[in-house]
Amino acid sequence: MAGVLFRHGDLIAQWGDVHRSDLTFSVAKTYLALLAGLAFDDGLLPDVHEPVIERCPGIGFEGEHNARITWHHLLQQTSEWEGTCLGIPEQGRPLPLGQSSARRGRGEEGRSAAVGRAGVTLRIQRRAHQSVVAGAAAPMAAPLPEVFGERILAPTQCMDPFQWEGYDQGWTDVGGKRMLSVPGGSHWGGGVSISAMDQARIGLMLMQQGRFEGRDVLSSQWIARMQQPCEVAPFYGYLVWLNQTGQLFPAAPRSSWFAIGAGSSLTWIDAELKVVCVLRWIDSAKANDCIARVMNCMDWGQSSIGLVAWGQS
């Protein structure tokens, strides 16, 4: 296990090897949302409600249903994209966001209006990120890991080893340039490996409304969009988890939001408390207990923070 706790930008606790790079699984989805934010800020993704096919023809969004899928649907994981990706049919993936398996909402707005059986890994792992590559990051003329390194990791002063591995069958052509399409998770290998400390630095940037050490990394407008609750799953935003109803983690304030991956790996962000906390390799069933302990070990009413020794219990 490893973790770090920042308050008001100061490191006040750490445990384990915080500089060891580990797979972070679905936290990679949140990093896709940051890349989409860069495209939005650069004017390359001006309308999140635009159908993906309008900007990215020929990458699997053809057909009556798929043609109605927008960037907004992909970022909220409500697209219900249909097809075969990386040789695997979308029907084979688990259910997202705790929803039932019944497909719903087959009205004029399409099944994208409901979560249903969305096939998270396939629809996000390749289609969301491939769409960002082809439609948004393509004018940057670089693969997503390179863009992420230059535009997110470097300005947030991340220094530990970082990898974003793709799959052998994930190569794609973008503007005549061959690029490896990287996944938003770690099924079948691949995915993002990053340290707890660097995850926390990215979290600090998000807590500070897109700024880090006086430098603009992402716009506050995009970060606000990331925290807008999904209509059919109000505990979810743009590839992040929200606690606005208190449903996700009762011990955390409702102002808290999270990047969450299997393992379990949590990046906890709260701008009101000025807190960023990274918890890695904890028992997912005890995540709320860990959050409660962080809340209980700090004196929120004082400018100086008192911490109990993390290993006492």
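A residue counts as buried when its relative accessible area is under 20%, and Ser-193, with a relative accessible area of 14%, is therefore buried. The model in which this serine sits is a predicted one, and the account below moves from the whole chain to the sheet that holds Ser-193, then to the six-stranded sheet and the helices that lie across that sheet.

**Overall composition**

The protein contains eight helices and 15 strands, and of its 313 residues, 55% are buried. Among the contacts with a separation of 6 or more, 60% come from residues that are 24 or more positions apart.

**The three-stranded sheet around Ser-193**

Ser-193 belongs to strand β9, which takes the middle place in an open, antiparallel sheet of three strands ordered β3-β9-β6. The edges of this sheet are β3 (21–23) and β6 (163–165), each of which pairs on one side only, and the twist from one strand to the next averages 20°. Strand β9 (residues 191–195) runs antiparallel to β3 and is joined to β3 by three bridges, and within that pairing Ser-21 has Ser-195 of β9 as its bridge partner. When neighbours within four places in sequence are set aside, Ser-193 is in contact with Ser-21, Asp-22, Leu-23, Pro-161, Phe-162 and Gln-163.

**The six-stranded sheet**

A further open sheet has six strands in the order β2-β1-β15-β14-β13-β12, again with antiparallel pairing. Its edge strands are β2 (10–15) and β12 (241–242), and each of these pairs on one side only. Strand β14 has β15 and β13 as its neighbours in that order, and the two pairings of β14 are set side by side below.

| Pairing | Bridges | Residues between the strands | Turn residue with positive phi |
|---|---|---|---|
| β13 and β14, antiparallel | five | three | Gly-263, near 135° |
| β14 and β15, antiparallel | six | four | Lys-274, about 60° |

Individual residue pairs locate these two hairpins more exactly. Between strand β13 (residues 257–261) and strand β14 (residues 265–270), Ile-260 has Leu-266 as its bridge partner, while Trp-257 stands opposite Ile-269 of β14. On the other side of β14, Asp-270 stands opposite Val-275 in β15.

How much of β14 is buried? Six of its six residues are buried, so that the strand is described as mostly covered. In a regular strand the side chains alternate between the two faces of the sheet. In β14, Ser-265, Thr-267 and Ile-269 point one way and Leu-266, Trp-268 and Asp-270 point the other way, with all of them buried.

**Helices across the sheet**

Two helices lie across strands of this six-stranded sheet. Helix α6 lies across β1 (2–7), β2, β13, β14 and β15 (275–280), and runs at about 150° to β15. Helix α8 (residues 287–296) lies across β1, β13, β14 and β15, and its direction makes an angle of about 40° with β14.

Helix α6 also has a helical partner. Helix α1 (residues 27–41) packs with helix α6 (residues 196–207) at an angle of about 45°, and the axes of the two helices are 13 Å apart. This angle makes α1 oblique to α6, and the crossing in which α1 passes α6 is left-handed. On the side of α1 the meeting residues are Val-27, Tyr-31 and Leu-34, and on the side of α6 they are Gln-199, Ile-202, Met-205 and Leu-206. By class, the residues of this contact comprise six nonpolar, one polar and no charged.

**Gln-76, a buried residue in α3**

Is Gln-76, in helix α3 (residues 71–76), buried or exposed? Its relative accessibility is 6%, and Gln-76 therefore counts as buried. The C-alpha atoms of Gln-76 and Tyr-238 are 5.1 Å apart in space, although the two residues are 162 residues apart in sequence.

Notes. Residues numbered from 1 in each chain as written. Predicted model: local features only at pLDDT ≥ 70, side-chain atom pairs only at ≥ 80, totals over all residues. Heavy atoms only, no water. Axes fitted to C-alpha atoms, helices over the stretch in contact; angles between N-to-C directions. Parallel < 35°, antiparallel > 145°, perpendicular 65-115°, else oblique. Left-handed = near helix turned anticlockwise from the far one by under 90°. Contact = heavy atoms within 4.5 Å. Nonpolar A, V, L, I, M, F, W, Y, C, P; charged D, E, K, R; others polar. Pairing = 2+ DSSP bridges. Buried < 20%, exposed > 50% of the residue type's maximum accessible area, 1.4 Å probe, protein only.
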